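Welcome aboard! Open your viewer, keep the selection tool ready, and follow the stops below in order.

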Amino acid sequence: MAIILGIESSCDDTSASICINGNIHSNVVANQAVHQLYGGVVPELASRAHQQNIIPTVYEAISKAKIHKNDIDAVAFTRGPGLLGSLLVGTCFAKAFALAGNLPLIEINHMQAHIISLFIDDNPSFPFLCLTVSGGHTQIVLVSDFNKMEVIGQTLDDAAGESFDKTAKMLGLPYPGGPLIDFYAQKGNPKAFKFPEPNIPGLDFSFSGLKTSIMYFVRDHVKENSRFITENLNDICASVQQRIVSILINKLKIAATQHNIKNISIAGGVSANSGLRNALKIASQENNWKMFIPKLEYCTDNAAMIAITGYYKFLEKDFVNQNVQPLSRMPF
Ligand code: KG4
Ligand code: ZN
């Protein structure tokens, strides 16, 4: 029997989860609405909100899992990558909780946890490729085992989630814009407007050219017609989303061919995108891929992915001591 408490605080969501023998029994996420006022995450405000949310979030996770806090066998926490002030809150809480209960402490890489979230409801066989797409990262990862992962392609500039969020900002939509672009895109025509696909060698991505072309596109059309965005919102969102998705899927196809792998997955906040999920389904049928997609609640930041990764590390007795410090950048 192994009961793991998972803590996630890398960006603007405070989350706690209880994993019992590899099964998720609770996953509580406290979102921070305060950032909407500023059109993006304000690190100082995020740290303060984590500080307020962390204890009630952990206690709710414990109570929803119907366990007692003394039943917990280990504490897993996000060590990085992320905002340092935010990570500090989760790290310090995890250390204090482990110290008080004399429990082992397990450090987790947030990007690896996004990938391991696939194992919550599924069981992809190794090796598989994972397109990990979030607000800060865009990576193609070759996953050979729970603790053996190699980044084989990544963005040279903006992340895919950032492209969604920045486009939304240009269109006057609130933060985080990704889910809103997805919402409007479903009512629009993806062929209405053409945006460029960059020509980047290898398995790396670039989204900065697309961002610039969207900026000029919006500026020029609004100059001619001040109501251009309102009148064409659905079509603009559908066209931008279609392009971001095609950039991602085309690289994934090259990676799958190069590495001769047919087990293909997506993870991270942008894997919640309906256009990306559909495009992966189509690519899987065309290429005979076996695909793995996390449930929506495990795409965006959550502690269930931290708790389950903690469970696999617990089995390996992969623990850290109380000297551990959070890392804003944390390589695999
Ligand atoms: O993984 P995540 O929750 O946090 C980070 O680790 O960054 O990813 C957040 C990102 C944001 O950029 C958000 O706009 C994007 O995921 N996102 C989406 C959707 N849901 C979340 N982007 C497009 N479509 C969505 N449905
Ligand atoms: Zn994330």
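Start by selecting ligand 1 and the 17 residues around it; those that come nearest are Gly135, Asp165, Asp182, Asn273 and Asp301. Here a residue counts as near if one of its heavy atoms lies within 4 Å of the molecule.

Before moving on, a word on what is on screen: this is a predicted model, in which local features need pLDDT of at least 70 and side-chain atom pairs count only at pLDDT 80 or more, while totals for chains, interfaces and linings use all residues. Residues are numbered from 1 along each chain as its sequence is written, chains are lettered from A and ligands numbered from 1 in the order in which they are written, and side-chain values use heavy atoms, with hydrogens and water left out.

**Stop 1: polar contacts of the ligand**

Show the polar contacts (pairs of N or O atoms within 3.5 Å). A backbone N or O atom of Gly135 sits 2.8 Å from an oxygen atom of ligand 1. At Asp301, look for a polar backbone atom 2.9 Å from a ligand oxygen. His110 takes part through its side chain, where an N or O atom is 3.1 Å from an oxygen atom of ligand 1. Now add a surface: ligand 1 taken alone exposes 550 Å², and the protein buries 89% of that (areas from the Shrake-Rupley method with a 1.4 Å probe).

**Stop 2: the shell**

Colour by secondary structure next. Which elements give two or more residues to the shell around ligand 1? They are α3 (110-116), α4 (160-170) and α5 (178-185); helices are DSSP runs of H or I with at least four residues, and strands are runs of E with at least two, numbered from the N terminus.

**Stop 3: two domains**

Give domain 1 (3-115 + 300-315) and domain 2 (125-293) separate colours; the bounds come from an automatic or database domain assignment. Why does ligand 1 lie between them? Both domains give residues to its shell, so that is where it lies. The C-alpha centres of the two domains are 27 Å apart. Select the interface: 12 residues of domain 1 are in contact with 15 of domain 2, contact meaning heavy atoms within 4.5 Å. About 1200 Å² is buried between the domains, 74% of it on carbon and sulfur atoms; buried area is the accessible area (1.4 Å probe) that two parts lose on being put together, summed over both. Pick out Met111, His114 and Ile115, which supply 46% of the area domain 1 buries against domain 2, more than any other three residues.

**Stop 4: the backbone**

Zoom in on Pro81, in the loop between β4 (74-80) and α2 (84-101). The peptide bond leading to Pro81 from Gly80 is cis, with omega near -10°.

Definitions and conventions
Polar contact = N/O pair within 3.5 Å; in protein donor to acceptor, adjacent residues only side chain to side chain.
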